[in-house]
Amino acid sequence: MTMSNSNIIDLCSDDEMGRSNIKKCRREIEPGFDSASAPSVCPTPISRQFWKAGYYEIEQGQRCKAANQYGKNHMRIHPMFLHSNATSHKWAFGAMAELLDNAVDEVQNGATFVSIDKISTPQYGTPALLIRDGNGFKTSSMRLGADVIVFSRHLKSRSLTQSVGLLSYTFLRSMGNNNVVVPMVDYEFNSSARTFGPLIPHDEDHFSSNLTMLLQWSPYSTEDELLKQFDDIGDHGTKVVIYNLWLNDDGEMELDFDSDPEDICINGDKTGRMKRIQYVANLYQHSLRAYASILYRQLPEYFRIILRGRDVEYHNIAEDLKYVQFIKYMPQVDGNLEVEIITAIGFLKEAPHANTHGFNIYHRNRLILPFWRAVRCTNGTGRGVVGVLEPDFIQPTHNKQDFEKTSLFQKLEDRLKQMTVEYWNKHCKLIGYQVVKKTPSTTTTLPSSVTQNCVDQDQPLLLNHGSQYESSNSRAGLIKKRKDLLDPPLKLQHAKRHMGSSCGTDVQCISEEPENSVEGMMRVSQKMLLMQENKRLRSRLLALEKMVQELDLKVQQLKDEQKNVEQHAGELENELTQLTQTLFESCKWNIYEQHVW
């Protein structure tokens, strides 16, 4: 987002559906504000714990007067909005993902990277977050820290401008403001002097007042130090610094920068659990690197997410599965319109030892629900089963951490539950699980550990415990069973269509594996993966072809403009020639008249 030469700044959260009630507010500083009365240092927030910082009481005599400046309406937004809006992110990484979204959205405008790092504030040496090319102000940053300062540079129509803006909850609360005030200064490059100078849209007092507040409440105490932050931005880009980071309930930093020098973690892992767990399903809740690796289903090869100096490696969850099936789900949306959703479902490669299951549900390439459990692990059903799908027909909530609980989502949830149970019953024996069936007259007695919790209570019965078989008989029996699976002739299993009139869905299993053949299932799974990858590549090719067509159109437009310019230049040249000839004839006539006289 470009801030230069503008009196408007976006203070709403990233809401594609336009549900935010607050869109924009003026950034001018109110007249009557006495900058000299402000503290000369940047104090910590009244409460450093995010969930306790929402209490906001304006003491008598502390209010900054709200007024109409320069004849323009001043939209009032109470500072409590900043905190209440940020509370939609229950999870700190949810707010971080929104900042990543801003950068990814700029890919279409030429963005090639986003960088997240930890820095120390120059004035106090306290930790702060640095996001480069994060595309400007977002109030989600208030979930990470109380204060944020944004540096933005923009080149447009050969005019190079740069801006600095401060959104400080500390400042607003300390000064008792009853509406959001964002001090901001703009600079413009002077080509003759080869330096940046103040861009003053109103008067020098207004610029000076804004600059004074920036220096008093930001980590930078001088204007030179403030402007030095633009050195690594280039002609176009944004740098966001979030400081006064929040503490957790134990009074410790909510974000942990020390456990891993190449990662940002959620603080509170006291047992070293992070070091023991390797799979992304267990890491993403604590590790930003793990979460960012699965946050997008697909990214351009040239776009980089850089976390603390090292690239985040893209992780395709579907490649972690074995015995994969692809299930087609065709719900009816907008009346009779049917959409097609392909779900990849299978066991994790670590199964049966993996204690993870659930569906990874994306929306328009963005992960909304990671490892969402559609079924409760009753009797172990579904343990180790993981799926990946992208249902763009349902709408996520504005914080992109859940979906709206509509009837379409409920139908999808019901189908995913059914899908999990069907897959489990058909394939659990392939990895050593035993289907436990219950009848009205009999019940199955399981070990006492089964009744403890969802992690422990759902331990399925294993045909073999560990990697060793209990006896030679069990080994022989298992070999015989495997032989029975592989001996029958290959026979394609026809696709099964399940019609549900109550939910208006048409569900079809499209995997065509040879019945009871493990190798056949693997071949079909690989084939389907290749087909899916081919579909993605074709989609990318179409996008590139469209881009080429647009570029060709621009080239043609430039050629037409060049032709018009050349034509106009020719006309001017003809006029100049005619004018020169006329002047020459006039001079000759004057000389002749003087000679005659």
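How many residues does helix 9 have, and how far does helix 9 reach from its first C-alpha to its last? The legends below take this up and then visit other parts of the model, which is a predicted one.

**View 1. Helix 9 and its buried residues.** Helix 9, covering residues 407–427, has 21 residues. From its first C-alpha to its last, helix 9 reaches 30 Å, close to the 30 Å expected at 1.5 Å a residue. Look along helix 9 for its buried residues, among them Leu408, Phe409, Leu412, Leu416, Met419, Tyr423 and Trp424. The buried set also includes Glu413, Arg415 and His427.

**View 2. Thr420 and its contacts.** Thr420 is found in helix 9. Is Thr420 buried or exposed? Its relative accessibility is 4%, and because buried means under 20%, Thr420 counts as buried. Leaving aside residues up to four places away in sequence, Thr420 touches Ile345, Phe359, Val375, Gly382 and Val385.

**View 3. An open sheet of nine strands.** Follow the strands across the sheet and you will meet them in the order 8-7-6-5-9-4-3-12-13, with mixed pairing. Strand 8 (195–199) and strand 13 (310–311) stand at the edges, and each has a single partner strand, so one side of each is left without a neighbour in the sheet. At one of these edges, strand 8 pairs with strand 7 (residues 184–190) in the antiparallel sense, over five bridges. Here you can find Phe189 standing opposite Phe196 in strand 8.

**View 4. From strand 3 to the edge at strand 13.** Strand 3 and strand 12 run parallel and are joined by four bridges. Ser115 stands opposite Ile306 in strand 12. Strand 12 and strand 13, by contrast, run antiparallel, with two bridges between them. In this pair, Ile306 stands opposite Asp311 in strand 13. The hairpin of strand 12 and strand 13 has two residues between the strands, and Arg308 takes a positive phi near 50° in this hairpin.

**View 5. Helix 4 across the sheet.** Helix 4 is made of residues 204–217. Which strands does helix 4 lie across? They are strand 5 (145–156), strand 6 (159–168), strand 7, strand 8 and strand 9. Helix 4 runs at about 110° to strand 7.

**View 6. Helix 2, a mostly covered helix.** Helix 2 has 14 residues and reaches 21 Å from its first C-alpha to its last, close to the 20 Å expected at 1.5 Å a residue. Of its 14 residues, 13 are buried, so helix 2 is mostly covered, with buried meaning under 20% relative accessible area.

**View 7. Leu129 in the largest nonpolar core.** In soluble globular proteins, nonpolar side chains tend to be buried together. The largest nonpolar core here has 85 residues, and Leu129 and Ile149 touch the most other members. Helix 2 gives the most to this core, with nine residues. The residues that Leu129 touches include Met96, Ile116, Leu144, Val240, Val241 and Ile242, not counting residues up to four places away in sequence. Leu245, Leu255, Phe257 and Ile264 are also among them, as is Asp117. A second, separate core has 29 residues, including Ile341, Phe393, Ile394 and Leu412.

**View 8. A salt bridge between buried partners.** Side chains of opposite charge can pair when their charged atoms come close. A search of the whole structure finds 13 salt bridges. In one of these, Arg366 pairs with Asp101, and the closest N and O atoms are 3.0 Å apart. Arg366 lies in strand 18 (residues 366–372) and Asp101 in helix 2, so the salt bridge ties together parts that are 265 residues apart in sequence. Arg366 is buried, with a relative accessible area of 4%, and Asp101 is buried too, at 3%.

**View 9. Two salt bridges with other surroundings.** Lys239 forms a salt bridge with Asp232, with the closest N and O atoms 2.9 Å apart. Lys239 counts as buried at 5% relative accessibility, whereas Asp232 is partly exposed at 41%. Another salt bridge joins Lys405 to Asp402, where the closest N and O atoms are 3.0 Å apart. Lys405 counts as exposed at 57% relative accessibility, and Asp402 as partly exposed at 25%. Elsewhere, salt bridges that share partners join Asp101, Arg366 and Lys400 into one network.

Notes:
Residues are numbered from 1 along each chain as its sequence is written. This is a predicted model: local features need pLDDT of at least 70, side-chain atom pairs count only at pLDDT 80 or more; totals for chains, interfaces and linings use all residues. Side-chain values use heavy atoms; hydrogens and water are left out. The expected span of a helix is 1.5 Å times one less than its number of residues. Buried means under 20% relative accessible area, exposed over 50%, partly exposed in between (1.4 Å probe, protein chains only). Two strands pair if DSSP finds at least two bridges between them. Contact means heavy atoms within 4.5 Å. Axes are lines fitted to C-alpha atoms, for helices over the stretch in contact, and angles run from 0 to 180 degrees between N-to-C directions. A nonpolar core is a set of buried Ala, Val, Leu, Ile, Met, Phe, Trp, Tyr and Cys residues joined through side-chain atoms within 4.5 Å. A salt bridge is a side-chain nitrogen of Lys or Arg within 4 Å of a carboxyl oxygen of Asp or Glu.
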